[in-house]
Amino acid sequence: MTPSSAESPRPTLRVAMVGHAFMGNAHSQAWRTAPRFFDLPLSPRMSLVVGHDAGRAAAAADRLGWEASSADWREAVTRDDVDLVDICTPGFTHAEIAIAALDAGKHVLCEKPLANTVAEAEAMTAAAQRAHAHGVRSMVGFTYRRVPAIGLARRLVAEGRIGEIRHVRAQYLQDWIVDPDAPLSWRLDKAKAGSGSLGDIGAHVVDLTQYITGDRIREVTGRLETFVKERPYPAGETAGSLGGGGSTTERGPVTVDDAASFLATFTGGAMGVFEATRFATGRKNAIRIEINGSRGSLAFDFEDMNVLEFYDGTQDADTAGFRRILVTEPTHPYVGHWWPAGHGLGYEHGFTHQVVDLVGAIAEGTDPAPSFADGLQVQRVLDAVEASSETRTWQEIPIDG
Ligand code: SOE
């Protein structure tokens, strides 16, 4: 970090971001916006953006507001004038970049899922722990934790407002490949993405339910399904260009799951029912979570993300009922920094809150959450679901600490 100066009263945090597609856009928006709405203890400087094509990386730098660009991620790791590496690339690259960055003494923010395998996630967590001894911080980007309604749900559970948790019902529903002619992409390639709906979106609801309940999943039994096993190559691409071996066939294999469902048991005894799918026709980004406790229930749907439903079971039967709480009051998590009550926040705000919390932790010398160890634990749950689907058995998840 560079020290403060007369022009800039707070030290600068120089950021390099690797990857500039969907997630890179979202992260760039967050780096730009966080210091404008929140009083950050460090001033983020968008120093470098990296992409594998030099021309596209330069254009991304221009469009997204980065000072410089590079076609080599190693530049982000080796440059002395970079303090933090923000990894927004597909899963198969996370381990190599994150470990190199941590070993070089850079703070790391890594997109979810942490890695493509448990072994990679373990190596990343070990690197994070080594770096931690030198004051280096790391965080995995489960950004939905920072949706105000989710923060409020966690708060209500911690306050005991729904009592002892009995049921956790969680779904992540999308439909973007319901058309069998939707083309192949890296997200449908196991070598690049690790898994399909399970890791891409199921990982979010695993993290969110554990975050809200403060509990961990200790066993699962599940099933994965790939409904459309071959898809067309994207325009201008062939099997060779997508890593499929150089043939020019028009359709190539989908090597990941289209949908995943599983049952889970939480350490506190709650029963969990999970579903993650890209085939829920008509559902675009429906993260639906319902938690039933001995005193009440909570329900959330990201397609109505400013609302949390709360059933207070202690109220008299005549007037009890699910209440629709508009989570836009200044007393709600993060909201006071934005608009007046009722004006609402969107998808991008979670990324901004993520930057705020990470920068705060770096400045204070505290540990940001979710940690790489948290990301590893999610990875173990995903791995157990896959193993369960293959073996048709229940699988236990080791609980650290
Ligand atoms: C694609 O399925 C995707 O972009 C995920 O990768 C994100 O994590 C999720 O927020 C939205 O959907």
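This talk covers the ligand site, the empty space and the backbone exceptions in one predicted model.

Let's start with the ligand. Which residues are around it? Twelve names to keep on screen: Phe-22, Lys-112, Tyr-144, Tyr-172, Gln-174, Trp-176, Arg-187, Asp-200, Ile-201, His-204, Asn-285 and Tyr-347. Sorted by class, that shell has 6 nonpolar, 3 polar and 3 charged residues. Which helix gives the largest share of the shell? Helix α8, residues 197-213, with 3 residues.

Now the polar contacts. I have three to show, each from a polar side-chain atom to an oxygen atom of the ligand. For His-204, the distance is 2.7 Å. For Arg-187, it is 2.9 Å. For Tyr-347, it is 3.5 Å. That last value sits right at the cut-off, as a polar contact here means N or O atoms within 3.5 Å. Keep that in mind when you look at Tyr-347.

How much of the ligand does the protein bury? Taken alone, the ligand exposes 300 Å², and the protein buries 91% of that.

Next, the empty space. Rolling a probe the size of a water molecule over the atoms shows where empty space is left. So where does the ligand sit on that map? The space it takes is the largest pocket. The volume of that pocket is about 1,300 Å³. Its lining has 49 residues, and the closest to the centre are Ala-21, Cys-88, Thr-89, Pro-90 and Trp-186.

By class, the pocket lining divides into 22 nonpolar, 17 polar and 10 charged residues. Five helices each supply at least two lining residues: α1 (22-37), α4 (94-103), α7 (190-193), α8 and α9 (347-364). Which of them gives the most? Again α8, with 4 residues. Recall that α8 also gives the largest share of the ligand shell.

There is also enclosed space. How many cavities of 30 Å³ or more are there? The count is 1. The largest cavity holds about 40 Å³. It is lined by Ala-153, Ile-212, Ile-289, Ile-291, Leu-298, Ala-299, Phe-300 and Leu-308. By class, that lining is 8 nonpolar, no polar and no charged. Strands β13 (286-293) and β14 (296-301) each supply at least two of these residues. β14 gives the most, with 3.

Set the two linings side by side. The pocket has 10 charged residues in its lining. The cavity has no charged residues in its lining.

Last topic, the backbone. Most residues other than glycine have a negative phi, and most peptide bonds are trans. Here are four exceptions.

Two are cis peptide bonds. One runs from Lys-112 to Pro-113, with omega near -15 degrees. Pro-113 is in the loop between β5 (107-111) and α5 (118-132). Notice the partner: Lys-112 is also one of the residues around the ligand. The other cis bond runs from Ala-369 to Pro-370, with omega near 0 degrees. Pro-370 is in the loop between α9 and α10 (372-391).

The other two are positive phi values. Tyr-334 has phi near 70 degrees and is not a glycine. Tyr-334 is in the loop between β16 (323-326) and α9. Arg-392 has a positive phi of about 55 degrees, and it is not a glycine either. Arg-392 is in the loop between α10 and β17 (395-396).

That's my tour. Over to you.

Definitions and conventions
Residues are numbered from 1 along each chain as its sequence is written. This is a predicted model: local features need pLDDT of at least 70, side-chain atom pairs count only at pLDDT 80 or more; totals for chains, interfaces and linings use all residues. Side-chain values use heavy atoms; hydrogens and water are left out. A residue is near a molecule or strand if one of its heavy atoms lies within 4 Å of it. A polar contact is a pair of N or O atoms within 3.5 Å; within protein, one must be able to donate a hydrogen and the other to accept it, and residues adjacent in sequence count only if both atoms are side-chain atoms. Accessible areas come from the Shrake-Rupley method with a 1.4 Å probe; for residues, only the protein chains shown count as cover. On a 1 Å grid over the protein atoms alone, a cavity is a set of points where a 1.4 Å probe fits but cannot get out, and a pocket is an open set with protein on both sides within 12 Å along at least five of seven lines; lining residues have an atom within 4 Å of a point. A molecule sits in a cavity or pocket if more than half of its atoms lie within 2 Å of its grid points. Ala, Val, Leu, Ile, Met, Phe, Trp, Tyr, Cys and Pro count as nonpolar, Asp, Glu, Lys and Arg as charged, and the others, Gly among them, as polar. Grid points are joined across faces, edges and corners, and a volume is the space filled by probe spheres set on the points.
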